[in-house]
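I opened this notebook to keep track of what I look up, entry by entry. The sequence and the structure come first, and my notes follow.

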Amino acid sequence: MIYWQLFSLFAHVSLLAFGGALGLLPEIQAVVVDQYHWMTADALVQTYVVGQFVPGPNMVMATLVGYKVAGFTGALVSTLGMYLGPVTIVFICTALYYRNRQKDYVRRIELALRPLVLGLILAATLLFLTQQLQADWPIGLAIGLPIVWLHWHRRISAITGVFAIGVIWYAVV
Amino acid sequence: MQTAATRSWLWLNFKIGALSVGVASRLLMFEEAMVRQHQWVSADEFQELLTLAQMLPGPNLVNFAACAGSRLVPRWVNLSALMLLITPGALMAIMIFAWAPLTNPHVKELFRGFAIGAFLLTARFLWTLASGLKAGSRRDQKESYAATHKIIGRYAIALALVVTSFYHLPALPLIGSFAALCLAWEFLF
């Protein structure tokens with residue numbers, strides 16, 4: 001029963017996830033914290049924070065909620081619930097898209113929606129950057145900008161840059 | 001455009017699944033490998049795949065990997081790659097959640113540094129996305145540009161979305177209304 005509840009919760013919220021995970025928090029909280037009392041609101045936020053720091057998709061929060069509620073099996077069914085629906089939809093839509101890709105109106109719809117994609121990614125980046133930097137933004141920029149410059153001019157890869165900024169930040173702050 | 005080699009696609013997904021830090025840096029790593037390193041797709045097609053992935057419900061990164069994988073590799077390779085993308089982070093998260101001293105200030109500060117690095121390094125990726133707003137609808141021409149008023153309108157919509165996002169409005173109506181605005185601008189003006 002609990003496995004089905006976990007699966008259906010994340011299958012449901014994953015289909016509402018347009019433009020990022022942050023918007024799903026209230027929906028998940030309503031079920032996990034308020035309805036079933038599986039965990040506290042603080043513990044739920046902690047799963048979200050861990051999800052931001054580990055590699056891979058940031059919706060790893062689903063896995064953690066499942067793990068907290070029902071161990072490894074819970075983690076597995078929650079993860080399946082989170083990804084099964086969207087991946088199926090993506091497979092179908094991508095096949096349809098590439099079948100009709102050469103049509104003029106399809107290209108125009110894709111071009112039309114580009115500002116939306118840029119806006120969503122830029123907004124998420126700025127939002128999280130301001131949250132992380134807070135009052136330390138001059139130090140953050142002083143450490144980060146030279147490394148961004150090196151990456152921009154293809155001297156270092158993105159992952160080297162991320163780790164370099166992380167380690168220097170840890171040493172300085 | 002080329003077809004991605006199976007082994008390279010699996011390795012790329014595993015690398016991102018096991019090593020990437022920060023939300024947008026994961027897409028940046030895809031872009032770096034697909035467009036710059038292997039040249040499996042052009043910058044324009046990368047943006048096309050990204051737009052398609054963003055418009056569909058679900059986690060952005062997995063949607064993008066599934067979209068790109070559908071374009072580049074056979075279905076079974078795509079599914080295996082998705083598992084390689086998802087599993088390492090999920091296992092690490094369980095280990096961290098169960099054992100790591102997340103409240104330890106040293107651990108928190110190190111993670112904070114990685115997150116700041118990841119967000120700052122998206123600058124070049126965002127620049128590429130912004131350049132893509134100039135594209136015109138002619139697929140047969142390598143450098144096709146839209147009319148100036150259309151380009152200005154696209155930038156204005158993206159900027160308005162960024163500003164509006166800071167008011168924490170519900171995601172679905174916000175994205176829906178901006179999608180409608182984008183389509184209206186493209187087709188009516």
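**Entry 1, the contact between the chains.** How many residues does the contact take from chain A, and how many from chain B? I noted, for what is a predicted model, that chain A contributes 80 residues and chain B contributes 85 residues. I then looked up which elements of chain A give two or more residues to the side that touches chain B, and found α3 (41-53), α4 (61-99), α5 (104-133), α6 (137-152) and α7 (158-172). The largest share of that side comes from α5(A), with 26 residues. By residue class, the side of chain A that touches chain B divides into 53 nonpolar, 22 polar and five charged residues.

**Entry 2, confidence in chain A.** Before going further I checked the scores, and chain A averages a pLDDT of 85, with 94% of the residues at 70 or above, that is, scoring at least 70. Among the elements of this chain, the highest mean pLDDT, 92, belongs to α4(A), whereas α3(A) has the lowest, 73. Both of these helices appear in the list of elements that give two or more residues to the side touching chain B, and I keep the value of 73 for α3(A) in mind when reading that list.

**Entry 3, chain B as a whole.** Which secondary structure elements does chain B contain? I counted nine helices and zero strands, so to speak a run of α-α-α-α-α-α-α-α-α when read from the N terminus on. The C-alpha trace of chain B spans about 55 × 45 × 25 Å along its principal axes. Of the 189 residues in this chain, 48% count as buried. Among the contacts in chain B with a separation of 6 or more, 58% are between residues 24 or more positions apart.

**Entry 4, the largest nonpolar core.** I asked next which residues touch the most other members of the largest nonpolar core. The core has 105 residues, and the ones that touch the most other members are Leu64(A), Val62(B), Phe64(B) and Ala65(B). The element that gives the most to this core is α4(A), with 13 residues. I followed Val62(B) and left aside its neighbours within four places in sequence: in chain A it is in contact with Pro57(A), Tyr83(A), Pro86(A) and Val87(A), and in chain B with Leu82(B), Leu85(B) and Ile86(B).

**Entry 5, Val65(A).** Is Val65(A) buried or exposed? This residue lies in helix α4 of chain A, and Val65(A) counts as buried because 28 C-beta neighbours are found inside 10 Å, where 20 or more are needed. Not counting residues up to four places away in sequence, Val65(A) touches Val32(A), Thr47(A) and Ser78(A). Val65(A) and Ser78(A) are 13 residues apart in sequence, and the distance from C-alpha to C-alpha is 7.7 Å.

**Entry 6, two positive phi values.** In the loop between α2 (25-35) and α3 of chain A I found His37(A), whose phi is near 55°, a positive value in a residue other than glycine. His37(A) counts as exposed, because it has 8 C-beta neighbours inside 10 Å. In chain B, the loop between α2 (23-37) and α3 (43-55) holds Gln39(B), which has a positive phi of about 55° although it is not a glycine. With 11 C-beta neighbours inside 10 Å, Gln39(B) counts as exposed, since the limit for that class is 12 or fewer.

Conventions
Residues are numbered from 1 along each chain as its sequence is written. Chains are lettered from A and ligands numbered from 1 in the order in which they are written. This is a predicted model: local features need pLDDT of at least 70, side-chain atom pairs count only at pLDDT 80 or more; totals for chains, interfaces and linings use all residues. Two residues are in contact if their C-beta atoms, placed from the backbone, lie within 7 Å. Helices (H or I, at least four residues) and strands (E, at least two) are DSSP runs, numbered from the N terminus. Ala, Val, Leu, Ile, Met, Phe, Trp, Tyr, Cys and Pro count as nonpolar, Asp, Glu, Lys and Arg as charged, and the others, Gly among them, as polar. A nonpolar core is a set of buried Ala, Val, Leu, Ile, Met, Phe, Trp, Tyr and Cys residues joined through C-beta atoms within 7 Å. pLDDT is the predictor's confidence in each residue, from 0 to 100.
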